[in-house]
Amino acid sequence: MANRSEEAEYESDSRPSHQVREKEGVIDLVLKRPLRWLRMLIEELHWSFFFGVIVVYGVSQGLGKGLSKVGTQYYLKDEQMVQPSEAQVYVGLIQIPWIIKPLWGLLTDVVPVFGYRRRPYFILAGVLTMLSMMVLWLQKNLHLALALSCLVAASAGVAIADVTIDACVTQCSISHPTLAADMQSLCGMSSSIGSLVGFSLSGVLVHLFGSQGVYGLLGLTAGLTVVVGMLLKESPSRSLGRKHVNEKFLDAGSAIWKTFQYGEVWRPCLFMLLSAAVSLHIHEGMFYWYTDAKDGPSFSKEAVGSILSFGAIGSLVGILLYQNFLKNFPFRNVVFWALSLSVLSGFLDLILVLRINLKLGVPDYFFIVVDEFVSHMISRIKWLPLLVLSSKLCPAGMEGTFFALLMSIEHVGHLLSSWGGGVLLHALNVTRTQFDNLWLVIVIRSLLRVIPIGLVFLIPNVDPNSTILPAEMLVNRRREAVIETEKIEMTALISSEA
């Protein structure tokens, strides 16, 4: 009896300690481990690099994307009164500055302004976006052509800032190859958290201030990009003559051509182009159905913004899953399974449009939230390994240009998919008031997603810690990266020496 009582007492004493350990484990996983990870990145890469990533990816792209997407959707639908197929084409048109990202990258790499290669381009990007947004905000009844010009110009500003920070990320990936995946996760997390905040506020802000008022807010946030340019400490380089600049352009073209001759480079580029092109975008058709269809859910502006915010949460979860469980797996395996899940998730829209979810007793809002969450999570898991792979394919001295070129290839694919989706919506007569064939559009879109699965053999079957380019190019890249890292570093205006 005494032994039993002692055992019971021991169990009662050990149970709380076990619960304490479980609680500490959860805290370590949710809070302490991410903080340790962020601190490690700040120490290894410098806090100013961290600040630049947060501003450009988190505020300019993440928050800006969340506010501008909803604002532009309502602006085109309610202010410009365009059809969903037209809106789909115009959304693709706005992305054209991202297609010519290699031009911005080439300028930042070989054409210094007043002796500086990075600072002027950050400042230019911020000013261009600010001016464009202010025109959209202040001018009422703006002609469609002028409105689209302002949207394209603002997109160009964000693209220029993106290219400039991409060059910094790529340089750090070269000088710290073991942190390449971590840096892409940091960039993705910044973008996703910014998008979450932007989408969460977008519907409320559009309701309160209108779509044009949201553009005014975006003009103000663009000022932070100018701040990044002002905080960039960069040693001025010697002014180059026109002849020398032309030689640099020729050298850049030669380096790019030489790099593309490697199968390990052009094959994944071909995959990114084809897989993006055949994955047709029909977002505008679905948006019009959400808000205007008689038998649809008729969501308010606030509801649309909150739904998209769950997509940002899904994207963030995808980043966390990749960072914690998938980042050491071979690129090809991760992309293959993500593509397979993407095919299945595409049919969730079909269940919604055919109203099967209501027959099963599932409310529209809940079903759409789940759909948005799952699709963005899968998309992020599919895209992250391709980003890490791209950062490992850049030749020496041309990091910004070549990485921008790789990203522009993917944006060409997205442009084709956006315009292809617009053509499909138009061909099947999906309009502002007619949605009878939207289900068929979804079926065709989902079936086309099968094609990229057959193309995954184009992706190198190596893990993120492996080298891809030849050894002589890697040696040169690391030497250039060390020199560049010493020359360019984002620090505060008031240094610790002051």
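# Exercises on a predicted model

A search of the whole structure finds four salt bridges. The model is a predicted one. It holds 20 helices and two strands. Of the 498 residues, 52% count as buried.

## Exercise 1. Salt bridges and burial

**Task.** Take the salt bridge between K77 and D78 and classify each partner as buried, partly exposed or exposed.

**Solution.**
- Step 1: the side chains of K77 and D78 meet at 3.0 Å, N to O. The cut-off for a salt bridge is 4 Å, so the pair qualifies.
- Step 2: buried means under 20% relative accessible area. K77 has 6% relative accessibility, so K77 is buried.
- Step 3: exposed means over 50%, with partly exposed in between. D78 has 33% relative accessibility, so D78 is partly exposed.

**Task.** Where in the chain do the partners D349 and R445 lie, and are they buried or exposed?

**Solution.**
- Step 1: the side chains of D349 and R445 form a salt bridge of 3.0 Å, N to O.
- Step 2: D349 sits in helix α15 (residues 348–353), and R445 sits in helix α19 (residues 438–448). They are 96 residues apart, and the pair links distant parts of the chain.
- Step 3: both D349 and R445 are buried.

**Task.** Describe the salt bridge of R355, then find which residues are joined into one network by shared partners.

**Solution.**
- Step 1: R355 meets D364, side chain to side chain, at 2.6 Å, N to O.
- Step 2: R355 is buried, and D364 is buried too.
- Step 3: salt bridges that share partners join K77, D78 and D292 into one network.

## Exercise 2. Packing of α6 and α9

**Task.** Work out how helix α6 and helix α9 are oriented, and which residues make the contact.

**Solution.**
- Step 1: two packed helices are described by the angle between their axes and the distance between the axes.
- Step 2: helix α6 (residues 119–138) and helix α9 (residues 223–230) pack at an angle of about 165°, with axes 7 Å apart.
- Step 3: angles over 145 degrees count as roughly antiparallel. α6 and α9 are therefore roughly antiparallel to each other.
- Step 4: α6 passes α9 in a left-handed crossing.
- Step 5: α6 contributes R119, F122, I123, A125, G126, V127 and M130 to the contact. α9 contributes G223, T225, V226, V228, G229 and M230.
- Step 6: by class, this contact of α6 with α9 has eight nonpolar, four polar and one charged residues.

## Exercise 3. Packing of α3 and α12

**Task.** Repeat the analysis for helix α3 and helix α12.

**Solution.**
- Step 1: helix α3 (residues 84–94) and helix α12 (residues 283–292) pack at an angle of about 135°, with axes 8 Å apart.
- Step 2: that angle makes α3 oblique to α12.
- Step 3: the crossing of α3 and α12 is right-handed.
- Step 4: P84, A87, Q88 and V91 of α3 meet H283, E284, G285 and Y288 of α12.
- Step 5: the residues of this contact of α3 with α12 divide into four nonpolar, three polar and one charged.

## Exercise 4. Residues and their surroundings

**Task.** Is S155 buried or exposed, and what does S155 touch?

**Solution.**
- Step 1: S155 lies in helix α7 (residues 144–175).
- Step 2: the relative accessible area of S155 is 8%, so S155 is buried.
- Step 3: not counting residues up to four places away in sequence, S155 touches I94, Q95, P97 and W98.

**Task.** Place L224 and G216 in their helices, then give the contacts of each.

**Solution.**
- Step 1: L224 is in helix α9. With a relative accessible area of 37%, L224 is partly exposed.
- Step 2: L224 and G126 are 98 residues apart in sequence, and 7.3 Å apart in space, C-alpha to C-alpha.
- Step 3: leaving aside neighbours within four places in sequence, L224 contacts V55 and V59.
- Step 4: G216 is in helix α8 (residues 180–221). At 4% relative accessibility, G216 is buried.
- Step 5: G216 and W137 are 79 residues apart in sequence, and 5.1 Å apart in space, C-alpha to C-alpha.
- Step 6: leaving aside neighbours within four places in sequence, G216 contacts M133, M134 and W137.

**Task.** For contacts in the protein with a separation of 6 or more, what share comes from residues 24 or more positions apart?

**Solution.** Such residues account for 86% of these contacts.

Conventions:
Residues numbered from 1 in each chain as written. Predicted model: local features only at pLDDT ≥ 70, side-chain atom pairs only at ≥ 80, totals over all residues. Heavy atoms only, no water. Buried < 20%, exposed > 50% of the residue type's maximum accessible area, 1.4 Å probe, protein only. Helix = DSSP H or I, 4+ residues; strand = E, 2+ residues; numbered from the N terminus. Contact = heavy atoms within 4.5 Å. Axes fitted to C-alpha atoms, helices over the stretch in contact; angles between N-to-C directions. Parallel < 35°, antiparallel > 145°, perpendicular 65-115°, else oblique. Left-handed = near helix turned anticlockwise from the far one by under 90°. Nonpolar A, V, L, I, M, F, W, Y, C, P; charged D, E, K, R; others polar.
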